[in-house]
Amino acid sequence: MSIELSKDDRAMIRAGAGDLDTAGVQALEAGVVSRLTKMIERGEISRVTRNNIRAAIALETGRGK
């Protein structure tokens, strides 16, 4: 299963990326998609919401650790 992010979702990730370069933003996006996919597969969430994306961004950028 793969998650398709909307234009707004991608903008939220870019905003959360701070001063990362293009490669860093792409890596963050991949990490967010991977984390959300695993959460769905484990049954932790049934669908992706904006709050799920925010949480994944925070975890991927280290603010949630």
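1. On the other side of helix 1 from its buried residues, Lys7, Asp8 and Ala15 are exposed, where exposed stands for over 50% relative accessible area, buried for under 20% and partly exposed for what lies in between, with a 1.4 Å probe and protein chains only. The buried residues of helix 1 are Asp9, Met12, Ile13 and Gly16. They span an arc of only 100° around the axis, which places them on the same side of helix 1; the arc is taken from the directions that run from the helix axis to the C-beta atoms. The cover over these buried residues includes helix 2 and helix 3, and helices here are DSSP runs of H or I with at least four residues, strands being runs of E with at least two, numbered from the N terminus.

2. On provenance, this is a predicted model, in which local features need pLDDT of at least 70 and side-chain atom pairs count only at pLDDT 80 or more, while totals for chains, interfaces and linings use all residues. Residues are numbered from 1 along each chain as its sequence is written, and side-chain values use heavy atoms, with hydrogens and water left out.

3. Helix 1 (residues 7–16) packs with helix 3 (residues 50–60) at an angle of about 30°, the axes being 10 Å apart. That makes helix 1 roughly parallel to helix 3, given that angles under 35 degrees count as roughly parallel, over 145 as roughly antiparallel, 65 to 115 as roughly perpendicular and the rest as oblique. The axes are lines fitted to C-alpha atoms, for helices over the stretch in contact, and the angles run from 0 to 180 degrees between N-to-C directions. Helix 1 passes helix 3 in a right-handed crossing, meaning that the near helix is turned clockwise from the far one by less than a right angle, whereas anticlockwise would be left-handed.

4. The residues of helix 1 that meet helix 3 are Asp8, Asp9, Met12, Ile13 and Gly16, and their partners are Arg50, Ile53, Arg54 and Ile57; contact means heavy atoms within 4.5 Å. By class, this contact of helix 1 with helix 3 has 4 nonpolar, 1 polar and 4 charged residues, with Ala, Val, Leu, Ile, Met, Phe, Trp, Tyr, Cys and Pro counted as nonpolar, Asp, Glu, Lys and Arg as charged, and the others, Gly among them, as polar.

5. A charged residue of helix 1 deserves a separate remark: Asp9 lies in this helix and counts as buried at 13% relative accessibility. Leaving aside residues up to four places away in sequence, Asp9 touches Arg50 and Ile53.

6. The axes of helix 1 and helix 2 come within 10 Å and cross at roughly 120°, and the two helices are therefore oblique to each other. Helix 1 passes helix 2 in a right-handed crossing. Arg10, Ile13, Arg14 and Gly16 of helix 1 meet Val25, Leu28, Glu29 and Val32 of helix 2, a contact that has, by class, 4 nonpolar, 1 polar and 3 charged residues.

7. Ile13, in helix 1, counts as buried at 0% relative accessibility. With residues up to four places away in sequence not counted, Ile13 touches Leu5, Leu28, Glu29, Val32, Ile53 and Ile57. Leu5, found in the segment before helix 1, is also buried, with a relative accessible area of 10%, and on the same exclusion of sequence neighbours Leu5 touches Arg10, Ile13, Glu29, Val33 and Ile53.

8. For helix 2 and helix 3, the axes come within 9 Å and cross at roughly 120°, so that these helices are oblique to each other, and helix 2 passes helix 3 in a right-handed crossing. The contact is made by Leu28, Gly31, Val32, Arg35 and Leu36 of helix 2 together with Asn52, Ile53, Ala56, Ile57, Leu59 and Glu60 of helix 3. By class, the contact of helix 2 with helix 3 has 7 nonpolar, 2 polar and 2 charged residues.

9. The buried residues of helix 3 are Asn52, Ile53, Ala56 and Ile57. They cover an arc of only 135° around the axis, which puts them on the same side of helix 3, and what covers them includes helix 1 and helix 2 (22–41).

10. Finally, on the backbone, helix 1 is followed by Gly18, whose phi is positive, near 65°, and just after helix 3, Gly62 takes a positive phi of about 90°.
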